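Dear colleague,

I am handing over the structure we spoke about, and I would be glad if you kept it open while reading the notes below it.

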Amino acid sequence: MSIAERVAAVRERIAAAAARAGRDPGAVTLVAVSKSVPVAAMREAYAAGIRHFGENRAQEARDKFPAFGDDVHWHFVGRLQTNKVKYIVRHCHLLHSLDRVALAQEVDRRASRCGRVLPCLVEVNVAGEATKAGLPPEKVIPFLQQVAGRPGLRVVGLMTVAPRADNPEEVRPVFRRLRQLLEEAAERCRDLPGIEMRHLSMGMTDDFEVAVEEGATIVRIGRAIFGERG
């Protein structure tokens, strides 16, 4: 299949999953995760209608930013070291992996310096996997209270990476828990400045349909669009 055919197939699957949940498929943003993908392949995805790209290496993202115009939205979806914030802060439209106060401080400092407010998602390690980044669910609200009111960033939702599973149904509880946590945080933190809990970034190639059924507003798709990486 061509990249254009893969994009169309993913969009059809998103639409079908949204329909099963009684949701508007237009409420789900498709982010094409382009880690290690050459710009030429990204241009094929762009020609197929993709306008959101996700990178997880700061220097690779920095090098790709100039290849596209202002209509492309860049998402940083990987773990971000504080000393790499400088590479992405001017061009990134959404940081998916805010997970510690030191990172929030650096994002705030760098974004404020260049006159930006960077939208961020808090990464949550819902399943408690030792090999994954993210806050445990019980620490999310205290963290939001710590980072609220910083002028250079705005927290707009939550992100998670589900465990690998042969059957996507096995990770449905992970997505459902993140949605419940978003609802809880929206209620408990509604008066905090700079906290707007409205987005759920969850679901990847192996499980995005279940994520959409559980309320994902952003799905991060790599292999189903670009194929296996070398």
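What follows is a short account of what was found, beginning with the annotated region and ending with a few single residues.

Please keep in mind throughout that this is a predicted model. An unreviewed UniProt entry places the feature "domain: Alanine racemase N-terminal" at residues 8-228. Over that stretch the chain is 37% helix and 20% strand, and the C-alpha atoms at its two ends are 18 Å apart.

The annotated lysine and its neighbour

The unreviewed UniProt entry also carries the annotation "modified residue: N6-(pyridoxal phosphate)lysine", which covers Lys35. In the model, Lys35 sits in the loop that runs between β1 (29-33) and α2 (39-47). Is Lys35 buried or exposed? It falls between the two, because its relative accessible area of 29% lies between the 20% under which a residue counts as buried and the 50% over which it counts as exposed. When neighbours within four places in sequence are left aside, Lys35 is in contact with Gly54, Glu55, Asn56, Arg57, Glu60 and Arg229.

Ser36 belongs to the loop between β1 and α2, and with a relative accessible area of 40% it is partly exposed. Its backbone deserves a look, since most residues other than glycine have a negative phi. Ser36, although not a glycine, has a positive phi of about 65°.

The pockets

The largest pocket has a volume of about 830 Å³. It is lined by 31 residues, of which Asn56, Val161, Arg164, Met204 and Arg220 are the closest to its centre. Sorted by class, this lining comprises eleven nonpolar, eight polar and twelve charged residues. Asn56 is thus among the residues closest to the centre of the largest pocket, and Asn56 is also one of the contacts of Lys35.

The second largest pocket has a volume of about 180 Å³, and its lining includes His52, His73, His75, His93 and His199, together with Arg154 and Arg198. Two or more lining residues come from each of β3 (73-76), β4 (92-98), β6 (153-159) and β7 (195-201). By class, the lining of the second largest pocket has four nonpolar, six polar and two charged residues.

Helix α5

Does the length of α5 agree or disagree with what its residue count should give? The 13 residues of this helix, 101-113, should span 18 Å at 1.5 Å a residue, and because its end C-alpha atoms are 18 Å apart, the two values agree. Buried positions in α5 are Leu103, Ala104, Glu106, Val107, Asp108 and Ala111. These buried residues pack against α4 (85-88), β4, β5 (118-123), α6 (140-147) and β6. After α5 comes Gly115, which has a positive phi near 70°.

Further single residues

Cys92 is part of strand β4 and, with a relative accessible area of 1%, is buried. Not counting residues up to four places away in sequence, Cys92 touches Phe65, Trp74, His75, Phe76, Arg116 and Leu118; one of these, His75, also lines the second largest pocket. The C-alpha atoms of Cys92 and Lys64 are separated by 11 Å, with their positions 28 residues apart along the chain.

Phe208 lies in helix α8 (residues 208-213) and counts as buried, because its relative accessibility is 0%. Apart from neighbours within four places in sequence, its contacts are Val10, Arg13, Ile14, Gly203, Val219 and Ile221. The C-alpha atoms of Phe208 and Ala17 are separated by 8.8 Å, although these two residues are 191 residues apart along the chain.

Glu138, in the loop between β5 and α6, is exposed, with a relative accessible area of 58%. Its C-alpha atom is separated by 9.6 Å from that of Val124, which is 14 residues away along the chain.

Lys84 is placed in the loop between β3 and α4, and its contacts, leaving aside neighbours within four places in sequence, are Ala58 and Gln59. The C-alpha atoms of Lys84 and His73, eleven residues apart along the chain, are separated by 19 Å.

With best regards

Note on methods. Residues numbered from 1 in each chain as written. Predicted model: local features only at pLDDT ≥ 70, side-chain atom pairs only at ≥ 80, totals over all residues. Heavy atoms only, no water. 1 Å grid on protein atoms, 1.4 Å probe; cavity = no way out; pocket = protein on both sides within 12 Å on 5 of 7 lines; lining within 4 Å. Points joined across faces, edges and corners; volume = space filled by probe spheres on them. Nonpolar A, V, L, I, M, F, W, Y, C, P; charged D, E, K, R; others polar. Helix = DSSP H or I, 4+ residues; strand = E, 2+ residues; numbered from the N terminus. UniProt positions renumbered as here; feature names shortened; annotations may be inferred. Buried < 20%, exposed > 50% of the residue type's maximum accessible area, 1.4 Å probe, protein only. Contact = heavy atoms within 4.5 Å. Expected span 1.5 Å × (residues − 1).
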